[in-house]
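Please open the model in your viewer and keep a selection panel at hand. The tour below moves from one selection to the next and says what is there.

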Amino acid sequence: MSVAENSTNQEGGSSRIGTYLAAHLREYGLLFALIAIMAFFQVVTGGTLLKPINLTNLLLQNSYIIIMALGMLIVIVAGHIDLSVGSVMGFVGALAAVMVVNWDMSIGVTMVTCVIMGAVIGGAQGYWIAYWKIPSFIVTLAGMLVFRGLSLWLLEGQSVGPFPREFQVIATGFVPDILPGGDAMKELVGARNFNMLALATGLIAAFWVVWSGLRQRASNKAYGIEDEPRAFFAARTAIIAFALIFILYKLATFRGLPNVLLTMGVLTIIYAFITERTVLGRRVYALGGNEKAAKLSGIKTERLTFLAFVNMGALAAIAGLVFAARLNTATPKAGFALELDVIAAVFIGGASMSGGVGKIVGAVVGAFLMGVLNNGMSIMGIGIDYQQMIKGLVLLAAVIFDVYNKKKG
Amino acid sequence: MQDTLLEMRSITKTFPGVKALDDVSLKVRSGEIHAICGENGAGKSTLMKVLSGVYPAGSYEGEIHYDGALAAFRDIADSEARGIIIIHQELALVPLLSIGENLFLGNENARGGVIDWRATNQRTETLLGKVGLHDAPTTQVEKLGVGKQQLVEIAKALAKDVRLLILDEPTSALSESDSQALLDLMLELKAQGMTQIIISHKLNEVRRVADTVTVIRDGHSVSSFSASEGITEDRIVRDMVGRSMENRYPARTPDIGERIMRVADWSVYHPEHADREVVRNVNFDVRAGEVVGIAGLMGAGRTELAMSIFGQSWGQNITGTVEMHGKPVDVSSVSRAIAAGLAYVTEDRKSLGLILDDTITRNITLANLPEVASGGVLNKRAEAQVAEKYRKDLGIRTPGVFQKVVNLSGGNQQKVVLSKWLFAGPEVLILDEPTRGIDVGAKYEIYGLINDLAAAGKGVVMISSEMPELLGMCDRIYVMNEGAFVGEMPAAEASQERIMSLIVNE
């Protein structure tokens with residue numbers, strides 16, 4: 001075997017852990033930062049942050065950002081940016097309101113039309129970016145203005161609402177508890193409510209994290225991929241599994257699984273799978289990593305770029321439906337400046353401005369981190385002025401950390 | 001005896017875990033051209049970085065004596081102020097500024113921040129005269145060819161009162177005639193008393209200009225000898241690789257079969273200037289087990305020909321036909337060209353061939369992902385097995401196939417690109433400058449791989465600017481000049497003189 005292979009085997013345990021930590025500092029840093037921030041707010045808000053009702057709120061408040069962050073991650077990995085998502089989200093919400101409230105159309109038709117509309121909008125922007133090579137910054141900046149204007153026009157400057165109950169449940173409803181034993185648990189833990197489905201979901205998710213982690217580890221070992229030191233692996237997996245059970249247990253003692261959490265969870269799993277495990281996902285990373293080399297390897301880079309924007313548009317539409325349902329009204333200002341929160345979440349999650357780098361899970365954690373910051377500071381009664389400044393500095397710090405880390409490595 | 005201008009004594013430079021330089025000494029006499037030779041990674045650039053202050057005094061062991069005194073450079077500005085100027089392989093000119101603006105960048109002819117254009121242009125003209133350039137000082141650098149840009153770099157060094165001029169691989173991107181012009185200029189500057197250091201892989205050039213050669217191998221200075229002792233390519237190669245290279249090209253018994261590919265009446269126009277015909281009416285064919293060379297100068301249209309065949313990746317208004325096994329095939333997109341059985345290994349592996357921040361595995365499977373996937377879902381186990389197979393077969397030297405390719409040496413990177421295309425399963429491989437920027441040892445391995453491909457019955461088209469390489473490797477050679485094929489000959493009847501005369505007579 002090769003010389004180098006021997007040398008890695010010979011290196012001592014402590015230095016190996018050191019180099020591993022240095023190489024993966026970013027990932028651990030993000031997880032650690034999220035935990036530290038949550039712990040900090042839990043203490044300074046006197047325990048309010050992790051109260052079941054607040055936890056439920058936290059998820060609902062950030063759901064549309066997370067949904068859009070999934071699409072934005074792909075756009076950014078492909079080497080582009082989308083500044084129009086806030087406006088598109090607002091426009092689709094307005095369209096839904098006009099269709100349901102003013103035109104009395106069915107909710108099913110409205111939802112399908114809205115998602116298709118989102119995809120078409122994404123395609124209309126992606127077309128110029130992919131096939132005409134117009135910089136995405138410019139095209140989506142134009143889109144941001146156009147769709148903000150279209151929302152105003154569609155709503156005639158007014159708020160339209162309220163929505164019928166069946167529409168509101170998209171954002172504010174909860175999955176009914178289909179499992180037995182809730183009443184017994186209610187007595188046992190002394191809560192007013194207990195939702196077994198939520199707890200079961202938490203346990204299954206935690207089990208899955210441990211199982212897939214172990215499986216991954218085994219296959220890494222078999223193929224000589226750099227191994228995460230055992231202690232790190234155990235600690236990381238334990239923390240994530242525990243956090244999943246803890247959060248879902250808390251939700252169980254309130255009203256159970258919010259519909260939105262389910263949507264978000266399913267979308268996150270689907271997108272994580274697509275980006276990490278499929279040919280399509282791999283090609284997007286290749287496109288962002290080196291477009292010319294990808295093209296010369298037979299990858300249809302234009303079509304892929306186009307699809308990334310179609311996908312972003314559809315996800316912005318879903319976010320628009322959730323947002324409108326949550327507010328129970330569509331306003332011309334809905335989604336204003338939200339694109340910046342979404343983009344910030346993706347960069348905090350470790351994506352690179354130059355493309356080719358970033359993970360779905362990172363983007364979701366990044367969005368949560370921003371969400372916890374927002375929520376915690378609001379509970380503390382910190383003014384919006386300070387909130388903005390602090391969020392800005394967190395974004396800057398995360399990216400500086402990235403760049404510094406990369407230079408060193 | 002001439003005076004010594006520079007003496008580096010026992011330089012040792014250590015990076016965490018690696019001794020990049022170990023007790024290296026270099027002695028450059030005033031007014032000579034001193035060549036430094038060594039394989040990639042031998043420590044040449046590190047040595048130059050120590051000299052120029054990129055690694056400041058104190059970060060290395062050993063002494064630098066310059067111009068009769070002990071020197072301790074803190075940074076590049078410090079060494080430049082003493083007249084030591086390095087011209088790097090990658091040119092450091094601003095393409096959209098004029099020649100004059102580039103020459104005095106950071107050193108402007110200005111009073112109180114206001115640039116004196118008359119003085120700038122006058123001085124520029126004088127300096128350009130010294131390097132034999134006759135372009136107007138206001139010409140944008142972008143509009144100049146690479147050869148002229150290299151001369152502008154030298155003029156820029158002259159503008160700074162250079163005493164020791166260091167040229168790092170100055171001719172690696174230049175055509176034959178531009179290279180000759182540059183070497184002539186070096187000799188002329190020498191005649192005017194300028195001391196120069198040249199770092200080069202091209203041993204014939206070293207032999208032509210150098211007064212003294214120092215060979216570095218694995219961070220040690222191995223030998224140093226002067227023209228009077230005899231500078232021969234054999235001796236340099238022997239010292240560089242630590243063994244003698246009896247035969248620089250591995251032998252192969254050609255076993256040539258049926259015709260695989262035929263390209264007929266192929267014409268291509270420039271993508272931006274629609275009236276410029278870059279490839280004119282080219283016809284050629286490749287047989288199974290055959291290595292076909294395309295000789296020509298830089299800019300003859302060889303890369304453009306290859307890329308236009310490979311999925312119309314270059315040019316517009318492309319006409320002509322490509323046949324595989326006698327049947328016309330569609331090569332109008334890269335994926336169709338791959339499906340037709342073609343592969344193109346680019347001359348510019350860093351920007352066109354590899355995704356540098358990705359792993360070896362991910363680079364190797366990129367052009368044929370469906371092969372390691374089922375139903376669009378990747379099978380990472382199969383992927384790792386494929387990468388592992390090519391690592392062994394091609395001898396890619398790496399701790400593991402999950403290393404990023406950016407960390408590999410040029411030769412190993414080239415093997416990754418070759419692996420990618422072998423995994424795509426082509427019948428004909430077009431190799432564009434397959435050994436550019438690769439050290440002697442790795443070149444030999446690449447040649448061996450090319451022979452293996454031919455032995456396996458593939459057709460190989462090899463584009464190269466190094467004629468000895470074509471003569472040593474090919475069965476048949478086409479000569480291309482100004483977009484057209486001007487000759488074809490069996491390698492046995494070919495010689496450098498014959499190829500050059502075909503080019504010159506056109």
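How many residues does the contact take from chain B, and how many from chain A? Before selecting them, note that this is a predicted model, in which local features need pLDDT of at least 70 and side-chain atom pairs count only at pLDDT 80 or more, while totals for chains, interfaces and linings use all residues. Residues are numbered from 1 along each chain as its sequence is written, and chains are lettered from A and ligands numbered from 1 in the order in which they are written.

**The contact between the chains**

The contact takes 28 residues from chain B and 25 residues from chain A, where two residues are in contact if their C-beta atoms, placed from the backbone, lie within 7 Å. On the side of chain B that touches chain A, select helix 10 (334–339), helix 11 (349–353), strand 20 (377–378) and helix 13 (380–394), each of which supplies at least two residues. Colouring this side of chain B by class shows 16 nonpolar, 8 polar and 4 charged residues (Ala, Val, Leu, Ile, Met, Phe, Trp, Tyr, Cys and Pro count as nonpolar, Asp, Glu, Lys and Arg as charged, and the others, Gly among them, as polar).

**Chain B as a whole**

Next, select chain B alone, which has 17 helices and 24 strands; these are DSSP runs, with helices (H or I) of at least four residues and strands (E) of at least two, numbered from the N terminus. Along the principal axes, the C-alpha atoms of chain B fill a box of roughly 70 × 50 × 50 Å. Of the contacts in chain B with a separation of 6 or more, 68% are between residues 24 or more positions apart.

**The two domains**

Now colour domain 1 (4–241) and domain 2 (259–505) of chain B separately, with bounds that come from an automatic or database domain assignment. Their C-alpha centres lie 33 Å apart, and 9 residues of domain 1 are in contact with 9 residues of domain 2. On the side of domain 1 that touches domain 2, helix 8 (residues 233–241) of chain B gives the most, with 3 residues.

**A last stop in strand 1**

Finally, select B:Thr14, which is found in strand 1 (residues 4–15) of chain B. B:Thr14 is partly exposed, with 14 other C-beta atoms within 10 Å (20 or more would make a residue buried, 12 or fewer exposed, and partly exposed lies in between, with C-beta atoms placed from the backbone). Add B:Ser59, 45 residues apart from B:Thr14 along the chain, and the distance between their C-alpha atoms is 8.5 Å.
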